[in-house]
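Welcome to a short tour of charges and strands. Please have the sequence and the 3D view at hand as you read.

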Amino acid sequence: MTVDELKAFVALIYVRGAQGGKGLDLGSFWSADWGCAFFKKTMSRNRFQEILRFLRFYKKETRRTRLQENKFALVSEVWERFVQNCITCYKPGADITVDEQLFPTKARCSFIQYIASKPDKFGIKFWLAADVDTKYMLNAAPYLGKDETRRPGQRLGDSVVLKLAKPFLGKGRNITTDNFFTSLELAKALKAQKTSLVGTVNKSRRELPPSVKEQRALHTTEVLKCDSATLTVYQCKPRKNVSILSTVHTAVNITGGQKAKPETVTYYNRTKVGVDVLDQMARKYSVKAPTRRWPLAVFYNILDLAAINASILFKKCTDEMMSRRNFILRLANELRSGHMTAKARQMMVREPRLEQQKMERRRQCQVQRKCKKNKAKDTCVKCHKVVCGSCTWKVQVTCADCE
């Protein structure tokens with residue numbers, strides 16, 4: 001298999017996702033009734049299934065030893081290169097969101113997660129950092145269970161945020177997180193590296209005062225301070241209040257209107273959606289297909305995120321407005337162009353050979369007037385039937401003088 005053929009294979013996967021063929025059987029894309037000409041012209045169904053069957057991201061000789069060191073080793077090299085390219089190719093804006101993504105799959109691996117609040121329940125969990133303005137995926141890491149590299153006493157949420165935000169620290173940006181990640185210790189660690197934090201806080205945190213759990217009058221706000229951090233407690237519902245920790249706002253202004261929302265709440269609502277919208281975009285034209293191999297499921301997630309990032313970079317570099325579906329189809333057409341050129345070149349070389357073989361091949365006589373199914377190479381100049389020497393009309397030779 002050549003690199004061009006591999007790109008053509010990826011192009012077919014993208015088109016399958018863009019056409020919304022999740023419910024269709026794989027063979028339907030090549031069928032006469034439901035098929036697509038793009039698939040038939042690119043490669044045969046058997047060739048596509050063969051590549052899909054033998055697609056691997058690791059060397060079989062080192063598989064066992066690498067798995068002992070890293071649970072993600074079967075696809076870690078491809079994943080790390082993809083993430084590094086995402087970091088290198090884009091400069092994020094002022095706001096970054098850190099959240100989790102559950103890529104749905106029931107493949108057999110040791111780090112499959114069950115999250116009841118998610119639509120698909122089962123899948124591989126990834127920590128994602130996304131740009132709020134464009135929804136570009138900036139950094140990502142899989143959740144593999146207990147992390148041996150985390151320092152003793154450090155919370156998992158703090159470790160994840162510091163790891164994902166590391167390439168973007170020291171530039172005055174803001175990180176928005178939910179209550180799983182937000183803590184006063186994380187806010188101080190980010191503040192020391194010129195990065196602010198805004199996020200909801202779980203009421204069970206030890207650093208919060210007991211008064212946070214008390215119920216207040218509807219749509220009232222209480223503001224608490226600790227050094228450079230501001231804690232806003234807003235009574236959004238009669239029996240529910242929300243606590244937001246911020247190192248951006250030194251003073252909290254109250255907006256007008258019936259609900260009288262504090263400034264920290266409106267800021268959090270505006271910047272919290274980066275990863276959620278990114279995940280929603282990935283699901284709309286997802287290339288995901290049923291598989292029992294978890295490295296292939298991770299590869300599908302890479303393709304989904306790569307298509308979104310490529311679309312954002314295309315719009316930034318060319319200022320050309322294009323729907324994401326049309327961009328995916330255009331991308332697929334460019335991915336297979338090298339394979340189609342090589343395929344056309346092979347056909348040009350193969351056609352003379354086929355004609356020559358067709359001419360040299362001996363076939364059964366189709367006239368059979370004076371023969372018993374003889375084999376011959378010659379054909380009649382008028383009806384083009386295969387004719388042997390016995391069935392050929394004999395022409396007497398006449399010299400020029402006699403004529």
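## A charged patch on the surface

Does K60 count as buried or exposed? K60 counts as exposed, because its relative accessibility is 71% and the cut-off for exposed is over 50%. Keep in mind throughout that this is a predicted model.

To find K60, look in the loop between helix 3 (45-54) and helix 4 (63-69). K60 has company there: together with R56, R63 and R64, K60 forms a patch of positive charge on the surface.

## An enclosed strand and its hairpin

Now turn to strand 4, which covers residues 137-142. How many of the residues of strand 4 are buried? The count is 6 of the 6, so strand 4 is largely enclosed by the rest of the structure.

The pairing partner of strand 4 is strand 3 (residues 122-131), and the two run in the antiparallel sense over 5 bridges. If you want a spot to start from, A130 stands opposite M137 in strand 4. The hairpin made by strand 3 and strand 4 has 5 residues between the strands, and in this hairpin K135 takes a positive phi near 70 degrees.

## Salt bridges across the sequence

Side chains of opposite charge can pair when their charged atoms come close. Searching the whole structure gives 12 salt bridges. One of them links D120 and R283, whose closest N and O atoms are 2.6 Å apart. Since D120 sits in the loop between strand 2 (112-114) and strand 3 while R283 belongs to helix 9 (residues 274-284), this pair ties together parts that are 163 residues apart in sequence. Both partners are partly exposed: D120 has a relative accessible area of 34%, and R283 has 30%.

A second example joins the side chains of R151 and E185, at 3.5 Å from N to O. R151 is found in the loop between strand 4 and helix 6 (156-165) and E185 in helix 7 (residues 184-191), so this salt bridge ties together parts 34 residues apart in sequence. R151 is partly exposed with a relative accessible area of 47%, and E185 is partly exposed as well, with 41%.

## A buried partner and a network

The salt bridge of R155 and D158 brings their closest N and O atoms to 2.5 Å. Which of these two is buried? D158 is, with a relative accessible area of 2%, whereas R155 is partly exposed at 24%. Elsewhere, E5, R47 and E50 are joined into one network by salt bridges that share partners.

How values were computed. Residues are numbered from 1 along each chain as its sequence is written. This is a predicted model: local features need pLDDT of at least 70, side-chain atom pairs count only at pLDDT 80 or more; totals for chains, interfaces and linings use all residues. Side-chain values use heavy atoms; hydrogens and water are left out. Patches are made of residues with over 30% relative accessible area and no salt bridge: like charges are joined within 9 Å, nonpolar side chains (Val, Leu, Ile, Met, Phe, Trp, Tyr) within 5 Å. Accessible areas come from the Shrake-Rupley method with a 1.4 Å probe; for residues, only the protein chains shown count as cover. A salt bridge is a side-chain nitrogen of Lys or Arg within 4 Å of a carboxyl oxygen of Asp or Glu. Lys and Arg count as positive and Asp and Glu as negative; His and the chain ends are not counted. The place of a charge is taken as NZ of Lys, CZ of Arg, CG of Asp or CD of Glu. Helices (H or I, at least four residues) and strands (E, at least two) are DSSP runs, numbered from the N terminus. Buried means under 20% relative accessible area, exposed over 50%, partly exposed in between (1.4 Å probe, protein chains only). Two strands pair if DSSP finds at least two bridges between them.
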